[in-house]
Amino acid sequence: MSGNNYSMESLVVHGATPFDPVTGAISMPIYQSSAFRHPGLGESTGFDYSRVVNPTRSELEKTLALLEHGKYGLAFASGMGAISAIIKLYKPGDHLIVSEDLYGGTYRLFNDYYKPYGYSFSWIDTSDFGLIEKNLRPETKALFIETPSNPMMKVTDIRRCADLIHKQGGQLIVDNTFLSPWFQNPLDLGADMALHSGTKYLAGHNDTLSGFIVHSDDKTEETLRNIQKSEGATLAPFDSWLMLRGIKTLGLRMEKHEQNAAEIAQWLRGHEKVEKVFYTGFTDHPQYGLSRSQTRGNGGMISFYLKDAGAVPALLRNLKLVLFAESLGGVESLMTFPLAQTHQAIPEAMRLSAGVNDRLMRLSVGIENAKDIIADIDAALKES
Ligand SMILES: Cc1ncc(COP(=O)(O)O)c(C=O)c1O
């Protein structure tokens, strides 16, 4: 569907290639083959070995590029596989500014496995633009942000970050997992790379791991492709097909996630056992205007502080419809306790400074009936 001005509703359904040109199959075939026969010496069908290129994965990569408005898409075995490839674009001595309020696994990868080799990182609240300016150094090569942030739902100004880092020849990398391309396109706002844990909204069914990078730079593409094939953390053909199938309903799902989240956030705000709710759809969210200016929606993620940390175990035990689990973005509503799950790799002082304490809950709102989700959380809170 490239080259046409189809809307996102149509693009998610049809992807880059609406049917298999050889057989006419409407569902992209799963090319479950590790190797491809060469017609002759020095000749290739364009497919030689599946770690390097696979037709099902290629279709998915092209589809992601279309949805994120980039020239190139790369698919990895997980979001962390994609982040591992990105960090290899930099070298010892380089400095990166990173959102302090982000997925704990990203922190662990950078801090535990790259810092010892001479990379340096400033972990800061990137929703505070002045703080980014203050931390910028001549050797700062990239800003790596999550917006909205995970789990505190802070919003970082993508346009201003892009302008700032471009002045010194660096790159802006945006982890766009929380909103998906349905609600936010970082490349349109000046970012150099959009990154996804495709495991979340893009897959949408809590059944597949995957990761993506979308960008438009020819030189970076050459390097990233080499990293991808050298490391081998590429997405398998069957998982690529599951992703293609999940993406077909991205629009419908995102709209329902958002509609449910708006209702649930408002209800949570009035609950006697809840101290504070973090949700970008509230008109009194500190960056509401900024959020409206760079997104097309608020997504399905909500975080909240309980008044009493002692209520956490009973709440998690008594949920029935909402599942206590460590992920987000699927059709099933999931409740996460970031302190013990997604953010446990982050040192206590940094975690607390970001706001991740022993009363913080994160809710990935699914596409069930909103009233049922509310009744389930309400009943579990009563037991807590
Ligand atoms: C915002 C964000 N980015 C990246 C990742 C890593 O993705 P994956 O679990 O697919 O490796 C996660 C995982 O939870 C995440 O929430």
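Helices and strands are DSSP runs, numbered from the N terminus, a helix having at least four residues and a strand at least two. The model shown in these views is predicted.

**Figure 1. Phenylalanine 36 in the loop between helices H1 and H2**. The loop that holds phenylalanine 36 runs between helix H1 (8–14) and helix H2 (55–67). With a relative accessible area of 16%, phenylalanine 36 is buried, because buried means under 20%. Tyrosine 49 stands 13 residues from phenylalanine 36 along the chain, and the C-alpha atoms of the two residues are separated by 6.2 Å.

**Figure 2. The ligand and the residues that surround it**. The shell around the ligand consists of 14 residues, and the closest are Gly79, Asp175, Ser197, Thr199 and Lys200. By class, the shell divides into four nonpolar, seven polar and three charged residues. The space taken by the ligand is the largest pocket.

**Figure 3. Polar contacts of the ligand with glycine 79, methionine 80 and threonine 199**. A polar backbone atom of glycine 79 is 2.9 Å from an oxygen atom of the ligand. For methionine 80, a polar backbone atom is likewise 2.9 Å from an oxygen atom of the ligand. Threonine 199 takes part through its side chain, a polar atom of which lies 2.6 Å from an oxygen atom of the ligand. Taken alone, the ligand exposes 380 Å², and the protein buries 91% of that area.

**Figure 4. Helix H3 beside the ligand**. Helix H3 covers residues 79–87 and gives the most to the shell around the ligand, with three residues. H3 is mostly covered, eight of its nine residues being buried. The buried residues are Gly79, Gly81, Ala82, Ile83, Ser84, Ala85, Ile86 and Ile87. Gly79, one of these buried residues, is also among the residues closest to the ligand.

**Figure 5. Threonine 147 and two cis peptide bonds in the loop between E4 and H6**. Threonine 147 lies in the loop that runs from strand E4 (140–146) to helix H6 (158–166). Its relative accessibility is 2%, and threonine 147 therefore counts as buried. Proline 186 is 39 residues from threonine 147 in sequence, with a C-alpha to C-alpha distance of 9.6 Å. The peptide bond leading from threonine 147 to proline 148 is cis, with omega near 0°. Proline 148 belongs to the loop between E4 and H6, and proline 151 is also placed in the loop between E4 and H6. A cis peptide bond joins asparagine 150 to proline 151 as well, here with omega near 10°.

**Figure 6. Histidine 69, a residue with positive phi**. Phi of histidine 69 is near 60°, a positive value in a residue other than glycine. Histidine 69 is found in the loop between H2 and strand E1 (72–76). The relative accessible area of histidine 69 is 38%, so this residue is classed as partly exposed.

**Figure 7. Asparagine 206, a residue with positive phi**. The loop between strand E6 (193–197) and strand E7 (211–215) contains asparagine 206. Phi of asparagine 206 is near 50°, which is a positive value in a residue other than glycine. Asparagine 206 counts as partly exposed because its relative accessibility is 32%.

How values were computed: Residues numbered from 1 in each chain as written. Predicted model: local features only at pLDDT ≥ 70, side-chain atom pairs only at ≥ 80, totals over all residues. Heavy atoms only, no water. Near = heavy atom within 4 Å. Polar contact = N/O pair within 3.5 Å; in protein donor to acceptor, adjacent residues only side chain to side chain. Areas by Shrake-Rupley, 256 points an atom, 1.4 Å probe, with all protein chains shown as cover. 1 Å grid on protein atoms, 1.4 Å probe; cavity = no way out; pocket = protein on both sides within 12 Å on 5 of 7 lines; lining within 4 Å. Sits in = over half its atoms within 2 Å of the grid points. Nonpolar A, V, L, I, M, F, W, Y, C, P; charged D, E, K, R; others polar. Buried < 20%, exposed > 50% of the residue type's maximum accessible area, 1.4 Å probe, protein only.
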